[in-house]
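Take a look at the fold below. A few short questions follow it.

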Amino acid sequence: MDSAGFPDEETPLVPDNSPIQSQRNHTRDVHILSCAFLLIFLAYGAAQNLETSVNTEDDLGTISLGILYLSFTFFSMVASPVVRALGSKNALILGTTGYWLFIAANLLPSWYTMVPAALYLGFAASIIWVGQGTYLTSTARSHAKDYNLHEGTVIGHFNGEFWGMFATNQFVGNLISLAVLRDGTVCDSAILVVKLGGSNNGTTVLFSVFLIIVTLGTILMCFLHKGEGRTEEDTQDSSPSFCASLLSLLKTIVTPLYDVRMLLIIPLMVYSGLQQAFVWAEYTEYIVTPTLGVSGVGGAMAVYGAFDAICSLTAGRLTSGLKSITIIISGGVLLQAIIFLWILLGYSAESGVLGIVYPLIMAAVLGIGDGVLNTQLSALLGIFFKSDTEGAFAQLKVWQSASTAVVFFISSYISLQAMLIVMLAAIAISYTAFVFLTLREKASPSSTA
């Protein structure tokens with residue numbers, strides 16, 4: 001067996017109920033989960049990038065995204081008991097339907113299709129992400145237990161594979177957009193929206209392709225094994241009253257906030273959402289478009305996705321506990337802070353080769369930072385909140401989606417410089433809280449190495 005717990009070619013045959021069989025199931029499920037999310041989000045991610053340019057009438061696209069993330073924020077508060085009731089696998093499958101419906105609504109965009117689809121996607125996104133965090137963490141714990149491996153290392157490796165695969169959605173999705181729309185003549189998009197012959201045939205074909213891809217991702221999700229642990233069993237033996245259910249829901253929302261560790265991680269969750277929204281809403285508009293043009297945004301986002309994926313895989317492999325998480329997060333946050341300071345204090349649009357290279361360097365570094373935050377936040381929650389994994393990941397999505405929604409709604413009203421100051425302030429607050437957390441845990445007798 002190698003260091004990650006995978007059997008080598010000389011592993012002897014064993015009965016089906018042995019640890020080796022369990023391990024094969026665990027790694028298989030991680031591969032399936034990662035590939036399913038890649039398919040679903042390469043379609044949704046590219047569709048989201050196009051949204052504000054395709055549906056421009058009365059700002060339908062922008063408002064739909066704002067509604068989506070507000071809905072995502074609200075439903076993330078109640079996602080934990082829903083995932084417990086459904087089971088993590090069923091929650092994952094149900095969650096895919098929201099992405100399918102939202103992309104389908106873009107084939108006939110109007111207030112009557114986009115707004116309901118956005119509201120439903122907020123619910124679907126909340127349960128698919130809480131389900132993902134719960135499923136992946138429980139799978140990693142089972143894997144570590146079966147082979148007596150270090151739990152933090154396995155959680156890091158599994159998160160590294162998932163987020164590495166997931167991050168490639170930006171790269172692949174943008175390439176598909178460019179391939180489908182390559183023959184058009186009018187660029188009118190933050191990525192490359194092309195009107196063919198005065199019609200929207202190009203985008204209709206593109207969204208149809210995305211629907212097929214999401215459908216394949218949903219089908220693939222059905223091949224997951226059911227999650228292990230209490231999620232599938234505990235909710236089947238009783239039917240609590242309405243009052244009991246309401247109290248349980250309030251407890252789910254409030255209880256994690258009594259844990260000092262969660263309070264110290266929340267600023268980092270907020271910053272994670274802010275930096276993602278900064279890339280989508282500010283970087284593409286103010287950095288890429290003036291130098292590369294609207295047709296260059298797809299290439300820049302592909303670079304962002306590629307480095308996000310590479311960093312996610314690498315960071316996941318290097319994660320073994322709180323010490324390694326501290327080092328990795330410190331590096332990722334520092335790199336992003338350098339980029340923000342560069343843009344704020346010394347960057348100006350260049351012509352020639354530098355005008356191409358500088359935005360791509362920024363894309364690469366911002367992608368590295370996003371890969372760090374995705375993998376390490378998931379690993380932190382998996383290590384610290386073993387007794388309430390669903391609640392912990394629900395908190396992650398509440399704060400990420402809330403901060404993303406804020407950026408979408410305020411980006412039209414504040415300057416790039418003001419947004420950069422907000423980003424730097426968020427880094428200072430979140431990193432200070434994180435350092436305090438690590439020092440507190442290091443001083444604790446039961447700290448995780």
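The questions go from the whole chain to single helices.

This is a predicted model: local features need pLDDT of at least 70, side-chain atom pairs count only at pLDDT 80 or more, and totals for chains, interfaces and linings use all residues. Residues are numbered from 1 along each chain as its sequence is written, and side-chain values use heavy atoms, with hydrogens and water left out.

Q: How many helices and how many strands does the protein chain have?
A: Helices (H or I, at least four residues) and strands (E, at least two) are DSSP runs, numbered from the N terminus. From that end, every element in the order α-α-α-α-α-α-α-α-α-α-α-α-α-α is listed as α. The count is 14 helices and 0 strands.

Q: What share of the residues in the protein chain is buried?
A: Buried means under 20% relative accessible area (1.4 Å probe, protein chains only). The chain has 449 residues. The buried share is 54%.

Q: Why is H13 described as largely enclosed by the rest of the structure?
A: Helix H13 covers residues 389–410 and has 22 residues. H13 is largely enclosed because, of its 22 residues, the number buried is 17.

Q: Which way does H3 run relative to H4, roughly parallel or roughly antiparallel?
A: Helix H3 (residues 88–105) packs on helix H4 (residues 111–147) at about 150°, with axes 7 Å apart. Angles run from 0 to 180 degrees between N-to-C directions, along axes fitted to C-alpha atoms over the stretch in contact. Angles over 145 degrees count as roughly antiparallel. So H3 is, relative to H4, roughly antiparallel.

Terms used:
The expected span of a helix is 1.5 Å times one less than its number of residues. Buried means under 20% relative accessible area, exposed over 50%, partly exposed in between (1.4 Å probe, protein chains only). Angles under 35 degrees count as roughly parallel, over 145 as roughly antiparallel, 65 to 115 as roughly perpendicular and the rest as oblique.
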